[in-house]
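Colleague: Could you take me through the packing in this one? I have the coordinates open and would like to start with one side chain and work outwards.

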Amino acid sequence: IGLAAGLASALLAAGVAAGALLDVHLFYLSPLPVMIAGIAFSPLAAALAAITGGVGLWIAFGGTFLITYLVGLGGPAVGLSYAALLARADPAGRGGLVWFPVGGLVLLAAGFATVSVTIALFGMAPDYETYRAAVTAAFQVLVVSQGLPAGVDGHDPLAMATLIAHVLPGMAAAMAMVSQLVCLYLAARAARVSGTLARPWPNLAAFRLPPVTSLVLAVVLALSMAGGLAGLSASAGAVTLAGAYALAGFAVVHAVTEGHPARTLILGALWVTSAVLGWPLLAMAVLGFVDGMLDFRARMATGKGPPAANDR
């Protein structure tokens with residue numbers, strides 16, 4: 001099972017490794033087979049799948065892809081699938097067990113994404129100027145390949161490249177975090193359908209982030225002002241933590257609209273506008289941050305018991 005999952009994961013990642021940018025969506029799904037092996041079968045199967053996938057890419061494309069795969073894809077897939085099945089004995093939990101909380105899984109994905117982007121940054125260039133020059137050169141090649149003249153529509157390509165160099169680490173970390181969580185959800189659903197999911201399905205609308213998350217966010221925001229590659233790495237961490245709060249905000253909306261006759265319309269409009277416009281994500285992050293202090297879900301609960309301990 002581990003060998004088959006590893007080969008499937010390597011094939012999904014191979015398109016981008018071979019330079020096919022159209023296969024980016026398959027690249028982001030490459031952790032899925034590893035997570036299915038870990039959640040539906042065993043952590044050993046997931047570890048073997050990650051090693052197999054990395055070695056397969058190494059043989060096909062070189063050693064750089066082994067490190068890239070293990071740090072950015074296979075390693076996080078093994079860690080998240082293993083953490084999802086961690087439990088401790090507690091009479092307050094379902095069946096006498098409290099499972100690793102959903103909020104912890106979200107933060108773990110944020111941490112994995114930040115670490116992988118940080119390693120990629122320092123592996124790409126020894127200092128910020130070298131990194132910016134590399135991004136600028138890549139952007140100029142893209143402009144030329146599209147047949148656009150310099151300064152088209154009044155925009156300076158150099159200024160645009162500098163802007164992209166600033167926002168690229170955060171965007172990459174956010175994409176990595178989202179892809180890991182989506183793959184984890186799909187793997188858990190697959191295990192649930194097949195009857196091999198060991199833990200009970202949590203109430204996702206009840207998940208909360210630990211209170212210390214706000215302190216960590218403040219620290220990484222301060223570090224992001226430092227500049228250089230260290231500042232860019234901190235900005236990637238800040239973006240992933242903001243994404244975690246945005247997910248908490250969505251959970252708040254899901255919880256408080258439960259039983260509302262227009263719930264489907266409200267949630268559909270919220271998710272669609274967030275995907276199309278983007279700015280509602282910031283509002284959701286603010287809502288999730290404020291909920292961490294005021295706990296809107298507890299205040300608006302009417303006669304409902306507290307969520308099971310593993311839902312948090």
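Colleague: Is Gln180 buried or exposed?

Modeller: This is a predicted model, and in it Gln180 has a relative accessible area of 2%, which is under the 20% limit, so Gln180 counts as buried.

Colleague: Where is Gln180 found, and which residues does Gln180 touch?

Modeller: Gln180 is found in helix 8, which covers residues 157–194. Leaving out residues up to four places away in sequence, Gln180 touches Met35, Gly72, Pro76, Leu80, Ala109, Phe112 and Ala113.

Colleague: Met35 is in that list, so let me ask about helix 3: how many of its residues are buried?

Modeller: Nine of the 10 residues of helix 3 are buried, so that helix is mostly covered. Among the buried ones are Met35, Pro31, Leu32 and Pro33, as well as Ala37 and Ala40.

Colleague: How do helix 3 and helix 5 cross?

Modeller: The axes of helix 3 (residues 31–40) and helix 5 (residues 63–84) come within 8 Å and cross at roughly 25°. Angles under 35 degrees count as roughly parallel, and the two helices are therefore roughly parallel to each other. The crossing in which helix 3 passes helix 5 is right-handed. On the side of helix 3 the contact is made by Pro31, Val34, Met35, Gly38 and Ile39, while helix 5 brings in Tyr69, Leu73, Gly74, Ala77, Val78, Leu80 and Ser81.

Colleague: Which classes do the residues of that contact divide into?

Modeller: Nine are nonpolar and three are polar, with no charged residues in the contact of helix 3 with helix 5.

Colleague: And what about helix 5 and helix 6, how do their axes cross?

Modeller: The axes of helix 5 and helix 6 (residues 102–124) come within 10 Å and cross at roughly 160°, and the two helices are therefore roughly antiparallel to each other. This crossing, too, is right-handed. Helix 5 contributes Val71, Gly72, Pro76, Gly79, Leu80, Ala83 and Ala84, and helix 6 contributes Leu105, Leu108, Ala109, Phe112, Ser116 and Ile119. By class, that contact has 10 nonpolar, three polar and no charged residues.

Colleague: Changing topic, what is the relative accessibility of Leu158?

Modeller: Leu158, which also has its place in helix 8, has 42% relative accessibility and counts as partly exposed.

Colleague: Which residues is Leu158 in contact with?

Modeller: Apart from neighbours within four places in sequence, Leu158 is in contact with Arg132 and Thr136. The C-alpha atoms of Leu158 and Thr136 are separated by 6.7 Å, although the two residues are 22 residues apart along the chain.

How values were computed: Residues are numbered from 1 along each chain as its sequence is written. This is a predicted model: local features need pLDDT of at least 70, side-chain atom pairs count only at pLDDT 80 or more; totals for chains, interfaces and linings use all residues. Side-chain values use heavy atoms; hydrogens and water are left out. Axes are lines fitted to C-alpha atoms, for helices over the stretch in contact, and angles run from 0 to 180 degrees between N-to-C directions. Helices (H or I, at least four residues) and strands (E, at least two) are DSSP runs, numbered from the N terminus. Angles under 35 degrees count as roughly parallel, over 145 as roughly antiparallel, 65 to 115 as roughly perpendicular and the rest as oblique. A crossing is left-handed if the near helix is turned anticlockwise from the far one by less than a right angle, and right-handed if clockwise. Contact means heavy atoms within 4.5 Å. Ala, Val, Leu, Ile, Met, Phe, Trp, Tyr, Cys and Pro count as nonpolar, Asp, Glu, Lys and Arg as charged, and the others, Gly among them, as polar. Buried means under 20% relative accessible area, exposed over 50%, partly exposed in between (1.4 Å probe, protein chains only).
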